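Please open the model in a viewer and keep the selection tool at hand. The tour below proceeds by selections, each followed by a description of what is found there.

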Amino acid sequence: MTLPLFPAEQTAITEAQESEFHPTPLDVVAAFLRDVHEPLPLDVCAETAMGEGALVRHVNLLVPSDRRSWFGNELRADALARLSVGATTRIHITRGDFLAGAGRYPKEATSITSPPWSLALEWAEESLRRAAGVGVVALHVPLATVETPERVAFFRKHPADLYPLEWRPNYDGRGTVSRAVAWMVWGPGRGGRWRPLTRLEAA
């Protein structure tokens, strides 16, 4: 027997489907870069689920640098067709499946991205494999990514700094999401710290 879904359950399912591919809002990036425990090294960066380039544009706006180079990866041809990262941005773009090995970049790079949320744990595993204990990995994911016994075991083995957002972001202009989200950061000297992020009203 199949029971009908409660309205809140249907909303959660719809959000999960729609949030697989979404631009990262400026305020989400601004609060993170402001309050991260140690400033991220941003001379060489990787955006492994870059979509149309929103996160690249935000980082370049918030932390300007003429030395920065990007390595971008995106699976969807339609997103790459609308890609916009700025005319002066130095970026090497690859189309392919990141989890299958596409989009190589130096292990010293800072990988900063908002992956498809249903693949958050797999994205963390692959990103950490590529970082090889040298690079920094920063992922914007649902806070529920740390739940379930399997995921708890992963985070015990690979502790991250956790930055939960104190607000629900609006990813697509249609309203805020109902679930909590966070940034998680791995890298040398990082792991095990927690700091809530407050929204910048001017962002």
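The stops that follow visit a sheet, two helices and two cores of a predicted model.

**The sheet**

Begin by displaying the strands. Seven of them form an open sheet with mixed pairing, in the order β3-β2-β1-β4-β5-β7-β6. Select residues 90–95 and 161–164 to mark the edge strands, β3 and β6, each of which pairs on one side only. From one strand to the next, the twist averages 20°.

Next, select β1 and β4, which run parallel and are joined by two bridges. Which residue of β4 is the bridge partner of A46? The partner is S111.

**Helix α3 and its surroundings**

Proceed to α3, residues 54–62. Within this helix, colour A54, L55, V56, H58 and V59, which are buried. The buried residues of α3 pack against α2 and against the strands β1, β2, β4 and β7.

Now centre the view on V59. Setting aside residues up to four places away in sequence, V59 touches V29, L33, L42, R68, W70 and I112.

**The largest nonpolar core**

V59 also belongs to the largest nonpolar core, which has 28 residues. Select F32, L40, V59, I112, W183 and L197, the residues with the most contacts inside this core. Two or more residues are given to the core by each of α2 (26–35), α3 (54–62), β5 (136–142) and β7 (181–186). Which element supplies the largest share? That element is α2, with five residues.

A second, separate core has 21 residues. To find it, select A49, A124, L128 and L139, which are among its members.

**Helix α5 and residue A120**

Select residues 120–131 to show helix α5, which lies across β4, β5 and β7. Viewed beside β5, the helix runs at about 175° to that strand.

End the tour at A120, which lies in helix α5. Is A120 buried or exposed? A120 counts as buried because its relative accessible area is 3%, and the limit for a buried residue is under 20%.

Show the surroundings of A120 as sticks. Apart from neighbours within four places in sequence, A120 is in contact with P115, L139, V141 and T145. One of these, L139, has already appeared as a member of the second core. Finally, draw a distance between the C-alpha atoms of A120 and H140: the two residues are 20 residues apart in sequence and 8.8 Å apart in space.

Conventions
Residues numbered from 1 in each chain as written. Predicted model: local features only at pLDDT ≥ 70, side-chain atom pairs only at ≥ 80, totals over all residues. Heavy atoms only, no water. Core = buried A, V, L, I, M, F, W, Y, C linked by side-chain atoms within 4.5 Å. Buried < 20%, exposed > 50% of the residue type's maximum accessible area, 1.4 Å probe, protein only. Helix = DSSP H or I, 4+ residues; strand = E, 2+ residues; numbered from the N terminus. Contact = heavy atoms within 4.5 Å. Pairing = 2+ DSSP bridges. Axes fitted to C-alpha atoms, helices over the stretch in contact; angles between N-to-C directions.
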